[in-house]
Amino acid sequence: MTEQSVSIRSICVYCGSRPGRDPSHMAAGRALGREIAEYGLRLVYGGGTKGIMGAVASGVLSGGGQVTGIIPEFLIDMEATRHSLGQLNELIVTPDMHARKHTMFERSDAFVALPGGIGTLEEIVEIMTWAQLGRHEKPMVFANVNGFWDPMMELMRHMTEEGFLHTAHRVQPLVVDEISGIIPAIMAQAAQLAADRDGEDEVISKM
């Protein structure tokens with residue numbers, strides 16, 4: 001059964017547990033966090049308090065927003081400090097990475113990928129895979145800070161041209177360059193999906 005989101009209440013953010021070399025990445029994390037708080041949404045993220053992960057959470061908390069951190073026990077001392085984790089509104093400790101990712105999916109109405117490494121890439125690609133398989137229609141966004149995700153977009157174009165994204169219409173993540181445009185883009189896509197579903201239901205009811 002396809003899982004669908006009627007409204008946007010929480011946003012999952014995937015990003016690096018390190019700051020990266022470009023200071024704009026940390027700034028983008030804090031800015032997105034502030035935006036999430038300003039819109040009255042809940043942040044769902046991997047629970048790290050270091051790097052860009054920590055910047056996003058800090059941005060939400062400083063804006064008076066709500067944060068749910070989801071982290072496996074074995075990563076607590078690698079990606080966070082126990083004291084910092086105590087500042088989160090909600091902390092969920094999972095037994096492994098699989099449970100972490102599934103819980104993040106269940107708790108989120110949309111997904112945003114900020115700059116990060118292999119873990120960030122793996123998380124957003126899995127969400128895209130589930131969309132391709134028809135398991136959800138939740139908005140997915142690449143926060144393309146300073147063109148960070150341009151190589152990924154080129155790879156997706158290449159895969160489509162080579163005939164491997166056979167259901168490419170289901171894998172259409174939003175690519176947003178400006179942090180301030182991310183949540184409006186998510187809201188617009190969610191509204192369009194809801195309108196499309198209402199239209200389909202109306203057609204079916206008349207059959």
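**View 1. Arg157 and its partner in helix α7.** In this predicted model, Arg157 has a relative accessible area of 44% and is therefore partly exposed, a class lying between buried (under 20% relative accessible area) and exposed (over 50%), as computed with a 1.4 Å probe on protein chains only. Glu154 likewise counts as partly exposed, at 44% relative accessibility. The two side chains meet in a salt bridge at 2.9 Å, N to O, the term denoting a side-chain nitrogen of Lys or Arg within 4 Å of a carboxyl oxygen of Asp or Glu. Arg157 and Glu154 are 3 residues apart in helix α7 (residues 150-161), so about one helical turn separates them; helices are DSSP runs (H or I, at least four residues) numbered from the N terminus.

**View 2. Lys101 and Glu122.** A salt bridge of 2.5 Å, N to O, joins the side chains of Glu122 and Lys101. Because Glu122 belongs to helix α6 (residues 118-132) and Lys101 to helix α5 (residues 97-107), this pair ties together parts that are 21 residues apart in sequence. Lys101 is buried at 11% relative accessibility, whereas Glu122 is partly exposed at 34%.

**View 3. Lys101 and Glu126.** The side chain of Lys101 also meets that of Glu126 in a salt bridge (3.3 Å, N to O), a link between helix α5 and helix α6 across 25 residues. Glu126 is partly exposed, with 23% relative accessibility.

**Notes.** Residues are numbered from 1 along each chain as its sequence is written. Local features need pLDDT of at least 70 and side-chain atom pairs count only at pLDDT 80 or more, while totals for chains, interfaces and linings use all residues, and side-chain values use heavy atoms, leaving out hydrogens and water.

Methods. Helix = DSSP H or I, 4+ residues; strand = E, 2+ residues; numbered from the N terminus.
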